[in-house]
Amino acid sequence: MIDTHDYEVKIKQAKKFLSQGNKVKFTMRFKGREMSNDMGKNVLNNILEDLEGLIKIDSEPKLEGRQMMMMVSPA
């Protein structure tokens with residue numbers, strides 16, 4: 001669950017870090033029933049679409065316990 005404004009701020013910050021040559025790690029924490037939905041995977045896929053052309057995927061979105069993580073670096 002993320003609001004559109006919060007999402008846009010995170011994308012803007014990620015673009016800033018990537019333009020400086022830094023890697024970006026996206027982490028989503030789940031609570032309760034959020035684990036059963038694919039919403040987290042959908043949000044990370046949306047991030048990949050929004051940053052397409054700017055990034056190279058270092059690690060695909062993967063679930064580790066109650067967190068889903070993904071690492072990207074500048075293209």
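How do the residues of the lining of the largest pocket divide into nonpolar, polar and charged? In this predicted model, the lining comprises 14 nonpolar, 3 polar and 4 charged residues. The report below describes this pocket, then the sheet and the helices that pack on it, and finally three residues in their surroundings.

## The largest pocket

The largest pocket holds about 400 Å³ of space. Its lining is made up of 21 residues, and those nearest the centre of the pocket are Ile-2, Lys-10, Thr-27, Met-28 and Val-43. Two or more lining residues are contributed by each of the elements α1 (4-19), β1 and α2 (39-50).

## The sheet

Three strands form an open sheet in the order β1-β3-β2, and their pairing is antiparallel. Strands β1 and β2 occupy the edges with a single partner strand each, so one side of each has no neighbour in the sheet. On average, neighbouring strands of this sheet are turned by 10° against each other, direction ignored. Helix α1 packs on the sheet and touches β1, β2 and β3, with its direction at about 155° to that of β1. Helix α2 also packs on the sheet, where it touches β1, β2 and β3; the direction of α2 makes about 10° with that of β3.

In general, the strands of a sheet pair through backbone hydrogen bonds, in either a parallel or an antiparallel manner. Here, β1 (residues 24-29) is joined to β3 (residues 67-74) by 6 bridges in the antiparallel sense. The antiparallel pairing of β2 (residues 55-64) with β3 extends over 7 bridges. Strands β2 and β3 form a hairpin with 2 residues between them, and Gly-65 in the turn has a positive phi of about 65°.

Residues standing opposite each other across the two pairings are listed below.

| Residue | Opposite residue in β3 |
|---|---|
| Met-28 | Met-68 |
| Arg-29 | Gln-67 |
| Ile-57 | Val-72 |
| Lys-62 | Met-69 |
| Glu-64 | Gln-67 |

Gln-67 in β3 thus appears opposite Arg-29 and also opposite Glu-64.

The side chains along β1 alternate between two faces. Val-24, Phe-26 and Met-28 point to one face and are buried, whereas Lys-25, Thr-27 and Arg-29 point to the other and are not buried. Met-28 and Thr-27, which point to opposite faces of β1, are both among the residues nearest the centre of the largest pocket.

## Arg-29 and Glu-64

Where in the fold does Arg-29 lie? Arg-29 belongs to strand β1. With a relative accessibility of 67%, Arg-29 counts as exposed, because the cut-off for this class is over 50%. Leaving out residues up to four places away in sequence, Arg-29 touches Glu-34, Arg-66 and Gln-67. The C-alpha atoms of Arg-29 and Met-68 are 6.6 Å apart, although 39 residues separate the two in sequence.

Glu-64 is part of strand β2. Its relative accessible area of 37% makes Glu-64 partly exposed, since that class lies between 20% and 50%. Between Glu-64 and Arg-29 the C-alpha to C-alpha distance is 9.8 Å, with their positions 35 residues apart in sequence.

## Asp-50

Which residues is Asp-50 in contact with, leaving aside its neighbours within four places in sequence? The contacts of Asp-50 are with Tyr-7, Ile-11 and Lys-15. Asp-50 itself is found in helix α2. The relative accessible area of Asp-50 is 40%, and the residue is therefore partly exposed, falling between the limits of 20% and 50%. Asp-50 and Glu-8 are 42 residues apart along the chain, and their C-alpha atoms are separated by 9.9 Å.

Key: Residues numbered from 1 in each chain as written. Predicted model: local features only at pLDDT ≥ 70, side-chain atom pairs only at ≥ 80, totals over all residues. Heavy atoms only, no water. Pairing = 2+ DSSP bridges. Helix = DSSP H or I, 4+ residues; strand = E, 2+ residues; numbered from the N terminus. 1 Å grid on protein atoms, 1.4 Å probe; cavity = no way out; pocket = protein on both sides within 12 Å on 5 of 7 lines; lining within 4 Å. Points joined across faces, edges and corners; volume = space filled by probe spheres on them. Nonpolar A, V, L, I, M, F, W, Y, C, P; charged D, E, K, R; others polar. Axes fitted to C-alpha atoms, helices over the stretch in contact; angles between N-to-C directions. Contact = heavy atoms within 4.5 Å. Buried < 20%, exposed > 50% of the residue type's maximum accessible area, 1.4 Å probe, protein only.
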